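This briefing covers selected features of the structure shown below. The points are grouped by topic.

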Amino acid sequence: MSKATLSDRFRKVDVDEYDENKFVDEEDGGENQGGPDEAEVDALLRQGNMNGALLAVLKNPPINTKNQNVKDRAAMLVVKVLSSFKSSDIEKAVASLDKASVDLLMKYIYRGFEKPSDNSSAVLLQWHEKVLPVGGVGSIVRVLTARKTV
Amino acid sequence: MSYHSFLLEPISCHAWNKDQSQIALCPNNHEVHIYKKDGAKWTKVHELKEHNGQVTGIDWAPESNRIVTCGADRNAYVWTLKDGVWKPTLVILRINRAARCVRWAPRENKFAVGSGSRLISICYFEQENDWWVCKHIKKPIRSTILSLDWHPNNVLLAAGSCDFKCRVFSAYIKEVEEKPGPTPWGSKMPFGEMLFESGGGGGWVHSVCFSHSGNKLAWTSHDSTVSVAEGGKSATVSSLSSETLPLLCVTFITENSLVAAGHDCYPVLFVYDGAKGSLVFGGKLDVPKQSAQKGISARERFQNLDRRASEGQGSDKELSSLHKNSISQISVLDGGRAQCTRFCTTGMDGGMTIWDVKTLENSMKNLKIV
């Protein structure tokens, strides 16, 4: 009895898109970033070279690319590598990373938390516990404030 | 190190007068209160009530003894002391969002106001019409200006903004000054010209500060980094990603050392090495924690077990720093930015602390202030 007879399609318009002052991030050419090299990482894992696999998987992060598949593949690969570590080796591996890699690892850990699968959260929590003393809360702040992330 | 608790509310902003006998601060409301030092106590001597919104910035010009305040009501007032009473003069800023920060220029003939309208208002006094006029710097600012700092040459202005960049603009007003000479930041300085812009990404730039000579510019960002840029070498910006929570304010205390403070409630020292272009963490500046508690009685042990399921004493419950909440502003008291001997911090706990650099240097073993 009180049905609006005029069209209400205007309610589905996202007005923020048309705001001329809308903040748009700068475009950084990210088309060449393919993410870490899967073949290389798999080879290192098969050889049992855990630390090497970790360093390899943290190379070439797909930060600037808009391709969601690349980002998903990279994230899965990282979780795979992190899961194949023994608990006692995690601390040494983290100690071998430099500052930028520690920040990047923290970003991947939180990305892994977003899409949990099987045992991944438990493993990621162990890594998080070991990365936190090295990176400090500052590394977590950088995960939260990063405009372009993995 | 003397800590004085003014209020229970946060101190939004503060400013000292020339001889540090009086401090003007905003107790998180629409007013500005001026307190005068009375031996060891502070007594309130003036209340400046004119703003309709929270006062977000105060600056006290040391030579001409004028106070400029800006607020969330989109206005700025210049206060002059007449017969022991502070009288306000409205400044038309022509902004449609709140004003966020205000700074007198070193020669006190103009001041700059940063606002949420994505522009900076440079205001100067026009003698013929007997009022304050402003000019805007708009391009290429894309978001709120959070902090401002003037270069010693009275023309260049550094602005930290929410669009993740720190910039240096020229605020040259030909009506009040002559053309400035060339500086490491550039030689052509028409009004509104941008002479430096930091890389994007990272976080909101909370605070900017020029060094005493004006050749170095430091800023802190919300992604827990501190950065220093040198004029002329615009390609090289040294940044340090810290392991602490974001820093909200920074100031130079010598040409190569900076003190910054923020959400971690204690000031931190950073040392910049110009030759290597590196910025390193110098140390945490704070009163050392009181001696550890003596032995714990059996009764306390069981009480702890009952309450916290652990026998130890929860030493993390209380902050060991002087400030009990985030520090939002830092200002140099004595010695200027070249050889600072004392600086002051105010924070969200309503307290103000005056830090003595010599005492800090002596008490912290590894501290080196270059």
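Two strands pair if DSSP finds at least two bridges between them. Helices (H or I, at least four residues) and strands (E, at least two) are DSSP runs, numbered from the N terminus. This is a predicted model, in which local features need pLDDT of at least 70 and side-chain atom pairs count only at pLDDT 80 or more, while totals for chains, interfaces and linings use all residues. Residues are numbered from 1 along each chain as its sequence is written, chains are lettered from A and ligands numbered from 1 in the order in which they are written, and side-chain values use heavy atoms, with hydrogens and water left out.

**Four-stranded sheet, chain B**

- Chain B holds an open sheet of four strands in the order S18-S19-S20-S21, with antiparallel pairing.
- Strands S18 (205-210) and S21 (237-241) of chain B are at the edges with a single partner strand each, so one side of each has no neighbour in the sheet.
- Neighbouring strands of this sheet are turned by 15° against each other on average, direction ignored; the axes are lines fitted to C-alpha atoms.

**Strand S20 and its partners**

- Strand S19 (residues 216-221) of chain B is joined to S20(B) by six bridges, and the two run antiparallel.
- Ala218(B) has Val228(B) as its bridge partner in S20(B).
- Three residues lie between S19(B) and S20(B) in a hairpin, and Ser224(B) in the turn has a positive phi of about 60°.
- On S20 (residues 225-230) of chain B, five bridges lead to S21(B), again antiparallel.
- Leu240(B) in S21(B) is the bridge partner of Val226(B), and Ser241(B) is that of Thr225(B).
- Six of the six residues of S20(B) are buried (under 20% relative accessible area, 1.4 Å probe, protein chains only), so S20(B) is largely enclosed by the rest of the structure.
- Thr225(B), Ser227(B) and Ala229(B) point one way from S20(B), and Val226(B), Val228(B) and Glu230(B) point the other way.

**Annotated repeat, chain B**

- An unreviewed UniProt entry annotates residues 48-84 of chain B as "repeat: WD"; such annotations may be inferred rather than shown by experiment.
- In the model, residues 48-84 of chain B are 0% helix and 59% strand, with end C-alpha atoms 12 Å apart.

**Kinked helix, chain A**

- Helix H6 (residues 120-145) of chain A has 26 residues, yet its end C-alpha atoms are only 24 Å apart, short of the 38 Å that a straight helix would reach at 1.5 Å a residue.
- The expected span is 1.5 Å times one less than the number of residues.
- H6(A) has a kink of about 100° centred on Gly135(A), the bend being the angle between axes fitted to the seven residues ending there and the seven starting there.

Note on methods: Axes fitted to C-alpha atoms, helices over the stretch in contact; angles between N-to-C directions. Buried < 20%, exposed > 50% of the residue type's maximum accessible area, 1.4 Å probe, protein only.
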